[in-house]
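Hi,

Here is the structure I said I would pass on. Have a look at it first, then read my notes below.

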Amino acid sequence: MIFGIGLSSRDNDTIWIGTDDGQVRLTQDAGKSWRDVTPKDVPVWAKIATVDVSALDAGTAYIAVDNHRQDDFTPRAFRTHDYGKT
């Protein structure tokens, strides 16, 4: 299930989504195709609690991960500056 949506203020075709099972997906063509850009350190079945897209830098996004459902309270936040490649 989609839990978080990040919309680019710079480009109407760029949409980031986070799911409640630990996946991050990106489209740059208004939803015609999607790419899995999930960071490798996100635990399976963790919830992507927040997706925040930079208003100043194209390709930059931040995610916050919540894994309390698996009794893991470690704070996790990730950032990318290259549309999820790294």
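**Starting from Tyr83**

Tyr83 sits in the segment that follows strand 7. Before going further with that residue, please keep in mind that this is a predicted model.

Is Tyr83 buried, exposed or partly exposed? Its relative accessibility is 25%, and since buried means under 20% and exposed over 50%, Tyr83 counts as partly exposed. If you skip the neighbours within four places in sequence, Tyr83 is in contact with Thr14, Trp16, Leu26, Gln28, Arg35, Val37, Ala58 and Gly59. There is also a C-alpha separation for you: Tyr83 and Ala61 are 22 residues apart along the chain, and their C-alpha atoms are 7.4 Å apart.

**Over to Val37**

One of the contacts of Tyr83 is Val37, so I looked at that residue next. Val37 is placed in the loop between strand 4 (35-36) and strand 5 (47-53). With a relative accessibility of 7%, Val37 counts as buried, because the cut-off for that is under 20%. Again leaving out neighbours within four places in sequence, the contacts of Val37 are Trp16, Val24, Arg25, Leu26, Tyr83 and Gly84. Trp16 and Leu26 turn up in the contact list of Val37 and in that of Tyr83. For a C-alpha separation here, take Val37 and Asp57: they are 20 residues apart along the chain, with 18 Å between their C-alpha atoms.

**The pocket**

You will probably want to know about pockets. The largest one has a volume of about 150 Å³. Its lining is made of 13 residues, and the ones nearest its centre are Val37, Pro39, Thr80, Gly84 and Thr86. So Val37, buried at 7%, is among the residues nearest the centre of the largest pocket, and Gly84, one of the contacts of Val37, is there as well.

Which strand gives the most to that lining? Strand 7 does, with three residues. Strand 6 (61-66) and strand 7 (76-80) each supply at least two. By residue class, the lining of the largest pocket divides into seven nonpolar, four polar and two charged.

**Two positive phi values**

Two residues other than glycine have a positive phi, in case you want to check the backbone there:

- Ala30 has phi near 60 degrees. Ala30 is in the loop between strand 3 (24-27) and strand 4, and at 45% relative accessibility counts as partly exposed.
- Asp71 has phi near 55 degrees. Asp71 is in the loop between strand 6 and strand 7, and its relative accessibility of 66% makes it exposed, as the cut-off is over 50%.

**The chain as a whole**

The protein chain has zero helices and seven strands, so from the N terminus on the elements read β-β-β-β-β-β-β. Its C-alpha trace spans about 40 × 25 × 20 Å along the principal axes. Why call the radius of gyration of 12 Å in line with a compact globule? Because a compact globule of 86 residues would have a value near 12 Å, which agrees with what the chain has.

Of those 86 residues, 37% count as buried. Among contacts with a separation of 6 or more, 35% are between residues 24 or more positions apart. The accessible surface comes to about 5,400 Å², and carbon and sulfur atoms account for 52% of that.

Cheers

Methods
Residues numbered from 1 in each chain as written. Predicted model: local features only at pLDDT ≥ 70, side-chain atom pairs only at ≥ 80, totals over all residues. Heavy atoms only, no water. 1 Å grid on protein atoms, 1.4 Å probe; cavity = no way out; pocket = protein on both sides within 12 Å on 5 of 7 lines; lining within 4 Å. Points joined across faces, edges and corners; volume = space filled by probe spheres on them. Helix = DSSP H or I, 4+ residues; strand = E, 2+ residues; numbered from the N terminus. Nonpolar A, V, L, I, M, F, W, Y, C, P; charged D, E, K, R; others polar. Rg over C-alpha atoms; globule rule 2.2 N^0.38 Å. Buried < 20%, exposed > 50% of the residue type's maximum accessible area, 1.4 Å probe, protein only. Contact = heavy atoms within 4.5 Å. Areas by Shrake-Rupley, 256 points an atom, 1.4 Å probe, with all protein chains shown as cover.
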